Amino acid sequence: IFAACSGILVAMTFHGVSRIVDEVNAFVFGFWIAISGVLISLTLMIILEDPVVPSSSMCILLLLGHAFGTSQFSIVIPWCLQYLSPTICGLLNSLPLILLLILQYTELKNIQPGHGNWVEILGALFCFIGVIGGPTWELVKQNNHRKYGYDAL
């Protein structure tokens, strides 16, 4: 249920942002999205968690890598939506799921190992199919509409 809700919200976000970035600079928009994300995250962290500063160098590197990746997401997505449709951006956004699954069973197995059972892999497969299902269906509909002039499906 959470994966379905997340997919729907991401699709709604991409369609909303694609309309906004036509009128504003994508980098300025990304900057304000990043600033608001930091403020919301810090507020929720202070309210709901006990803040902990990472002490080991590995934790600091993982935190910096995560922060860098998230900042790139805030900048790149609005820029991509100026040139690509929200459907294509949704598909591109789902590719890290496969990369993270591969990394979990290779490079990250010593840091945070998975259970290694069939339920975990089947769950990841279902999540991936759920994430790419909507954008793929939209692409098929767009292709049929372009080819036949109507929605054949």
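Select Val24 first: leaving aside residues up to four places away in sequence, Val24 touches Phe29 and Gln82. This residue belongs to the loop between α1 and α2. Is Val24 buried, partly exposed or exposed? With a relative accessibility of 38%, Val24 counts as partly exposed. Now add Pro78 to the selection and draw a C-alpha to C-alpha distance: Val24 and Pro78 lie 9.9 Å apart in space, although 54 residues separate them in sequence. The model on display is a predicted one, and the stops below should be viewed with that in mind.

**The whole chain**

Zoom out and colour by secondary structure. The protein has 5 helices and 0 strands, and the order of elements from the N terminus is α-α-α-α-α. The C-alpha trace spans about 60 × 45 × 25 Å along its principal axes. Of the 153 residues, 14% count as buried. With the surface switched on, the protein exposes about 11,500 Å², of which carbon and sulfur atoms supply 72%. Among contacts between residues at least 6 apart in sequence, 62% join residues at least 24 apart.

Next, colour by pLDDT. The mean for the protein is 79, and 95% of the residues reach 70 or more. Where is confidence lowest, and where is it highest? The lowest mean is that of α1, at 75, and the highest is that of α2, at 85. Where pLDDT is low, the predicted coordinates should not be read in detail.

**Helix α2**

Select residues 26-48, which form helix α2. At 1.5 Å a residue, its 23 residues should span 33 Å; the end C-alpha atoms are 32 Å apart, which agrees. Show side chains along this helix and pick out Ala26, Phe29 and Gly30, which are buried. Phe29 is also one of the residues touched by Val24, the starting point of the tour.

Move to Leu48, which is found in the same helix, α2. Leu48 counts as exposed, because its relative accessibility is 65% and the threshold for that class is over 50%. Add Gln72, 24 residues away along the chain: the C-alpha atoms of Leu48 and Gln72 are separated by 26 Å.

**The largest nonpolar core**

Select Phe14, Val17, Val21, Phe29, Ile77, Cys80, Leu81 and Cys89 and show their side chains: these 8 residues make up the largest nonpolar core. Which elements give two or more residues to this core? They are α1 (2-20) and α3 (57-83). Of the elements, α3 gives the most, with 3 residues.

Centre the view on Phe14. Leaving aside neighbours within four places in sequence, Phe14 is in contact with Ile77, Leu81, Pro86, Cys89, Gly90 and Asn93. Among these partners, Ile77, Leu81 and Cys89 are listed as members of the core together with Phe14.

**The cysteine pair**

Keep the core displayed and isolate Cys80 and Cys89. How many disulfides are there? The count comes to 0. The cysteine sulfur nearest to that of Cys80 belongs to Cys89 and is 5.1 Å away, so Cys80 is in no disulfide, given that a disulfide requires sulfur atoms within 2.5 Å. From the other side, Cys89 is likewise in no disulfide, and its nearest cysteine sulfur is that of Cys80. Both residues are buried: the relative accessible area of Cys80 is 15%, and that of Cys89 is 2%.

**Helix α4**

Select residues 86-105, helix α4. At 1.5 Å a residue, the 20 residues of this helix should span 28 Å; the end C-alpha atoms are 31 Å apart, which agrees. Which residues of α4 are buried? They are Pro86, Thr87, Cys89, Gly90, Leu91 and Ser94. An α-helix has 3.6 residues a turn, so residues three or four places apart point the same way. Look down the helix axis with the buried residues highlighted to view their arrangement.

End the tour at Ser94, which is in helix α4. Ser94 is buried, with a relative accessible area of 3%. Not counting residues up to four places away in sequence, Ser94 touches Phe128, Val131 and Ile132. Finally, select Trp137 as well: 43 residues separate Ser94 and Trp137 along the chain, and their C-alpha atoms are 14 Å apart.

Note on methods:
Residues numbered from 1 in each chain as written. Predicted model: local features only at pLDDT ≥ 70, side-chain atom pairs only at ≥ 80, totals over all residues. Heavy atoms only, no water. Buried < 20%, exposed > 50% of the residue type's maximum accessible area, 1.4 Å probe, protein only. Core = buried A, V, L, I, M, F, W, Y, C linked by side-chain atoms within 4.5 Å. Helix = DSSP H or I, 4+ residues; strand = E, 2+ residues; numbered from the N terminus. Contact = heavy atoms within 4.5 Å. Expected span 1.5 Å × (residues − 1). Areas by Shrake-Rupley, 256 points an atom, 1.4 Å probe, with all protein chains shown as cover. pLDDT = per-residue confidence, 0-100.
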